[in-house]
Amino acid sequence: NDRYCVFGHPVGHSKSPAIHAAFAAQTGEALEYVAIEAPLDDFAGAWRAFTAEGGRGANVTVPFKEQAHRLCDTLSHRARRAGAVNTLVLDADGQTRGDTTDGLGLVGDLHRHHVELTGARVLVLGAGGAVRGVLEPLLEAAPASLFIANRTAAKAEALAADFADLGEVAGGGFDAVRGPFDLVINGTSASLAGDLPPLPDDLFAEGGVAYDMMYGSEPTVFLHWAGERGARIIDGLGMLVGQAAESFRLWRGKYPDVAPVLDMLRRLL
Ligand code: ATR
């Protein structure tokens, strides 16, 4: 069987092995997928050791996405812009190819929920690695506007400047947010601390959608807040399964059915 893995630190709670086992069963692909805790200071060594033992590809999660980006022989344009890699592919010639599928996972999940991106007024909260990783596919869907708001305004402004060639994108602090928005995506890690960015009450347009890249058994603080203000709320579990499906396609050339795997994970939350 071909071998794949997810590298993280910690990695014990990763859902990726269960997701890819389900994809493999569904598509009839014979593969093995495990979780590996790589040492913080030698990600490249962990990848080399894995490929030496027959590893064909890997997912990469916190905190290795930037280290993975640095070790690749070739990068997709998306990974180059994201500055991060979540999918490693060992090519037939032994070269390591890097890609990032987080943004495709997000856009695919929005599509599954019938959230229209084209022509939409979009607000993205946060300006860290998670947000950088999804901006290209979001902007390629041609929203009417995309505003990046961040606690540290300068980071949002710099990020917007980096992607300005792809569409109507601007950035600033939370105090510069001017709604209404058709879609608000939370890409901050504020939910982890149970924090909510300071946002105006009239943030959402009629029929507006709130999306949190995080997920859990209960709605995040942000989704709870948004729901109380009339928004339709969606958490990031579908993005997780979607990015996995895009990685699976890169490795195996087959696109698995996301819905049943998402249902399975939802029941286990
Ligand atoms: P990630 O890889 O998850 O994006 P990161 O690069 O450290 O992690 O970025 C974290 C993001 O969450 C940043 O946008 C951060 O805001 P700053 O750039 O101002 O630090 C944001 N963030 C973290 N905790 C927050 C909080 N309590 N309130 C608002 N924003 C927060």
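This briefing walks through a sheet, some helix packing, a ligand site and a few backbone oddities. Keep in mind that the model is predicted. A good place to start is the open sheet of 6 strands. From there you can move on to helix α10, which packs with α5 and also crosses α11.

**The sheet**

- The strands run in the order β9-β8-β7-β10-β11-β12, and their pairing is parallel.
- At the edges you'll find β9 (169-172) and β12 (232-234), each of which pairs on one side only.
- From one strand to the next, the twist averages 20 degrees.
- Helix α9 (residues 221-228) packs on this sheet, where it touches β10, β11 (204-212) and β12. The direction of α9 makes about 165 degrees with that of β11.
- For a look at one pairing, take β7 (residues 121-125) and β10 (residues 181-186): they're joined in the parallel sense over 4 bridges. Val-122 has Leu-183 of β10 as its bridge partner.

**Helix α10 and helix α5**

- Two packed helices are described by the angle between their axes and the distance between the axes.
- For α5 (residues 102-112) and α10 (residues 237-252), the angle is about 120 degrees and the axes are 7 Å apart.
- Angles from 65 to 115 degrees count as roughly perpendicular and those over 145 as roughly antiparallel, so α5 and α10 are oblique to each other.
- The crossing of α5 past α10 is right-handed.
- On the α5 side, the contact is made by Asp-102, Leu-104, Gly-105, Leu-106, Gly-108, Asp-109 and Arg-112. On the α10 side, the residues are Gly-238, Met-239, Leu-240, Gly-242, Gln-243 and Glu-246.
- Sort the residues of this α5 and α10 contact by type and you get 4 nonpolar, 5 polar and 4 charged.

**Helix α10 and helix α11**

- The axes of α10 and α11 (residues 258-268) come within 10 Å and cross at roughly 135 degrees.
- That angle makes α10 and α11 oblique to each other, and α10 passes α11 in a right-handed crossing.
- From α10, the contact draws on Leu-237, Gly-238, Val-241, Gly-242 and Ala-245. From α11, it draws on Val-258, Val-261, Leu-262, Leu-265 and Arg-266.
- By type, the residues of the α10 and α11 contact come out as 7 nonpolar, 2 polar and 1 charged.
- Gly-238 and Gly-242 are worth picking out: they take part in the contact with α5 and in the one with α11.

**Around the ligand**

- There are 16 residues around the ligand, and the ones that come nearest are Gly-128, Gly-129, Ala-130, Arg-151 and Thr-152.
- Helix α6 (residues 129-132) supplies the largest share of this shell, with 3 residues.
- The shell divides into 6 nonpolar, 7 polar and 3 charged residues.

**Backbone oddities**

- Most residues other than glycine have a negative phi, and most peptide bonds are trans. The spots below go the other way.
- The peptide bond from Val-62 to Pro-63 is cis, with omega near 5 degrees. You'll find Pro-63 in the loop between β3 (55-60) and α3 (65-71).
- Gly-179 and Pro-180 are also joined by a cis peptide bond, and omega there is about 0 degrees. Pro-180 sits in the loop between β9 and β10.
- His-114 isn't a glycine, yet its phi is positive, at about 60 degrees. Look for His-114 in the loop between α5 and β7.

Notes:
Residues numbered from 1 in each chain as written. Predicted model: local features only at pLDDT ≥ 70, side-chain atom pairs only at ≥ 80, totals over all residues. Axes fitted to C-alpha atoms, helices over the stretch in contact; angles between N-to-C directions. Helix = DSSP H or I, 4+ residues; strand = E, 2+ residues; numbered from the N terminus. Parallel < 35°, antiparallel > 145°, perpendicular 65-115°, else oblique. Left-handed = near helix turned anticlockwise from the far one by under 90°. Contact = placed C-beta atoms within 7 Å. Nonpolar A, V, L, I, M, F, W, Y, C, P; charged D, E, K, R; others polar. Near = placed C-beta within 6 Å. Pairing = 2+ DSSP bridges.
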